[in-house]
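Student: Hey, got a minute to go through this structure with me? I'd like to start with the loops and then move on to the charged pairs.

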Amino acid sequence: MSNTKAPRRVIGQRSTEVSSSWYTPLLALYYGNRRILTGAAVGLIIVIAGVFGYNYIQGERDAQAQEYLGAIILEYERSEYRVALDGSGENIGLLDIIDRYGGTPAGNTARFYAGNAHFELEEYDLALKQFEGFNTEDDFLGASTTAGRAAIYELNGDFSNAGDLFRRAAGMGDNEIRAPYYLRSAARTYLKAGELDAAEDVILEAKDDYPDSDLINEFDFMLGQVLALK
């Protein structure tokens with residue numbers, strides 16, 4: 001009988017060792033830090049739930065603010081600007097809507113109307129505060145608010161900044177109807193500031209972009225003024 005021992009089967013054993021080697025450190029990592037990992041998972045769930053909850057609450061608040069805004073805006077449209085700002089016996093005013101719902105889209109819209117109401121009442125500092133607090137986007141309201149700021153700067157004698165803001169308003173959104181008028185205001189305020197090159201650039205821009213505007217003759221006249229002063 002041969003004393004030679006049969007070779008041991010190590011292939012399966014080797015395979016097991018190799019296949020288990022990758023997850024063993026992971027198990028050690030988990031069991032060594034499971035409290036931290038579990039806490040992190042719970043924290044992530046809380047954050048996700050909080051985001052959904054916040055969005056839901058904000059949606060509810062915006063809907064409520066829209067109702068208040070729809071009610072008081074009737075006073076604004078009747079040119080009852082003080083009532084629109086402060087509220088009537090039945091409806092809260094724009095200022096209260098801003099205070100309570102300023103972080104909602106409806107609260108932001110209330111700032112636009114409040115700024116216009118203050119402007120109509122010649123309360124220019126208060127109007128500027130509302131316009132500057134407005135969350136401006138590249139749309140009609142954003143352009144109108146920017147032009148409102150420009151008008152107040154012009155009234156305060158800050159013609160250069162007024163020109164910049166009027167020009168910015170002209171380029172905001174799909175604004176072909178109002179843009180020529182904003183550009184005319186920009187050219188006028190640049191002229192007042194003595195910035196002849198800026199005024200000329202704006203006038204030429206208006207003539208190129210809006211050749212069919214009913215202001216085209218006025219732009220020609222203003223261009224003549226600029227060239228005469230150079």
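Tutor: Sure. One term to begin with: a helix here is a DSSP run of H or I with at least four residues, and helices are numbered from the N terminus. Also keep in mind that this is a predicted model.

Student: Okay. Where is Ser-79, then?

Tutor: Ser-79 is in the loop between helix 2 (24-77) and helix 3 (81-86).

Student: What's the sign of its phi?

Tutor: Positive: Ser-79 has a phi of about 65 degrees, although Ser-79 is not a glycine. That deserves a look because most residues other than glycine have a negative phi.

Student: Which other residue that isn't glycine has a positive phi?

Tutor: Glu-122 is one, with a phi near 60 degrees. Glu-122 lies in a loop too, between helix 5 (105-120) and helix 6 (124-133).

Student: How accessible are those two residues?

Tutor: Ser-79 has 45% relative accessibility, so it counts as partly exposed. Glu-122 has 58%, so that residue counts as exposed.

Student: Let's go to helix 6. Which of its residues are buried?

Tutor: The buried ones are Ala-127, Leu-128, Gln-130 and Phe-131. They cover an arc of only 165 degrees around the axis, so they sit on the same side of helix 6.

Student: What do those buried residues pack against?

Tutor: They pack against helix 4 (94-101), helix 5 and helix 7 (140-155).

Student: And which exposed residues are on the face turned away from the buried side?

Tutor: Asp-125 and Lys-129 are the exposed residues carried by that face of helix 6.

Student: New topic: salt bridges. How many are there?

Tutor: The count comes to 9 salt bridges. As background, side chains of opposite charge can pair when their charged atoms come close.

Student: Give me one. What does Arg-188 pair with?

Tutor: The side chain of Arg-188 meets that of Glu-154 in a salt bridge, at 2.9 Å from N to O. Arg-188 lies in helix 9 (residues 179-193) and Glu-154 in helix 7, so the pair ties together parts that are 34 residues apart in sequence.

Student: Is each partner buried, partly exposed or exposed, and what are the values?

Tutor: Arg-188 is partly exposed, with a relative accessible area of 30%. Glu-154 counts as buried, at 13%.

Student: Which residues are in the salt-bridge network with Glu-154?

Tutor: Arg-188 and Lys-192 are linked with Glu-154 in that network of salt bridges.

Student: What about Glu-205?

Tutor: Glu-205 forms a salt bridge with Arg-167, and the N to O distance is 3.2 Å. This pair links distant parts of the chain, with Glu-205 in helix 10 (residues 196-209) and Arg-167 in helix 8 (residues 159-170), 38 residues apart. Glu-205 is partly exposed at 27%, and Arg-167 is partly exposed at 30%.

Student: One last pair. What does Glu-200 bind to in a salt bridge?

Tutor: Its partner is Lys-230, and the closest N and O atoms are 2.3 Å apart. Glu-200 is in helix 10, while Lys-230 is in the segment after helix 11 (216-229), so to speak 30 residues apart along the chain.

Student: Which of those two is buried and which is exposed?

Tutor: Glu-200 is buried, with a relative accessible area of 16%, whereas Lys-230 is exposed, at 51%.

Definitions and conventions: Residues are numbered from 1 along each chain as its sequence is written. This is a predicted model: local features need pLDDT of at least 70, side-chain atom pairs count only at pLDDT 80 or more; totals for chains, interfaces and linings use all residues. Side-chain values use heavy atoms; hydrogens and water are left out. Helices (H or I, at least four residues) and strands (E, at least two) are DSSP runs, numbered from the N terminus. Buried means under 20% relative accessible area, exposed over 50%, partly exposed in between (1.4 Å probe, protein chains only). The arc is that of the directions from the helix axis to the C-beta atoms. Contact means heavy atoms within 4.5 Å. A salt bridge is a side-chain nitrogen of Lys or Arg within 4 Å of a carboxyl oxygen of Asp or Glu.
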